[in-house]
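Thanks, everyone, for making the time. I would like to walk you through one model this morning, strand by strand, so please keep the view on the screen in front of you.

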Amino acid sequence: MVKQILLVGLLLVVAVTAFPQFQPRREQSRRQAPAPQGQENMNPGLIRSENVNPGTGNFNWGYETEDHQTQDVVGRLKKAYPDKPEIIAIDGSHSHLDAFGVKVTTTYTADENGYREMRKYDQK
């Protein structure tokens, strides 16, 4: 009886170790690099925050954080087509420091002509 229990236990250990262990896949769309010196703060403080929305269709909002992230958006009503209601056209920008310390700024426009963006990279 003892031999049978030992044999079953040994077979169980062999069966468990024969199959690869489950490891969830990590989604990584970009190469990861260490944070630049001084950019290790995972919860940066807010330097600036504004939100102006009078409810008329025109608005603007923005923020800036201690780790140099910024975003600014301006929306305005625009008569794009003579026989249709006004649309809200949006102009905006956002910027951040990438993992290598390069400032990346994206400016964009969204209106009756679609979404268009331009990206700029500023080396230190």
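**Strand pairing in the sheet**

Let me begin with Lys78, whose bridge partner in β4 is Ile87. Before going further, I should say that this is a predicted model, in which local features need pLDDT of at least 70 and side-chain atom pairs count only at pLDDT 80 or more, while totals for chains, interfaces and linings use all residues. Residues are numbered from 1 along each chain as its sequence is written, and side-chain values use heavy atoms, with hydrogens and water left out.

Strand β3, residues 70–78, and strand β4, residues 87–97, are paired in the antiparallel sense over 9 bridges. Strands here are DSSP runs of E, at least two residues long, numbered from the N terminus, and two of them pair if DSSP finds at least two bridges between them.

Stepping back to the whole sheet, 6 strands form an open, antiparallel arrangement in the order β1-β2-β3-β4-β5-β6. Its edges are β1 (46–52) and β6 (114–122), each of which pairs on one side only.

At the β6 edge, strand β5, residues 103–111, pairs with β6 in the antiparallel sense over 9 bridges, and a hairpin of 2 residues joins β5 to β6. Thr106 stands opposite Arg119 in β6.

Finally, which residue lies over the face of Tyr81? That is Lys84, at 5.8 Å from the ring centre, where a charge counts as over a ring if NZ of Lys or CZ of Arg is within 6 Å of the ring centre and within 35 degrees of the ring normal.

Terms used: Helix = DSSP H or I, 4+ residues; strand = E, 2+ residues; numbered from the N terminus.
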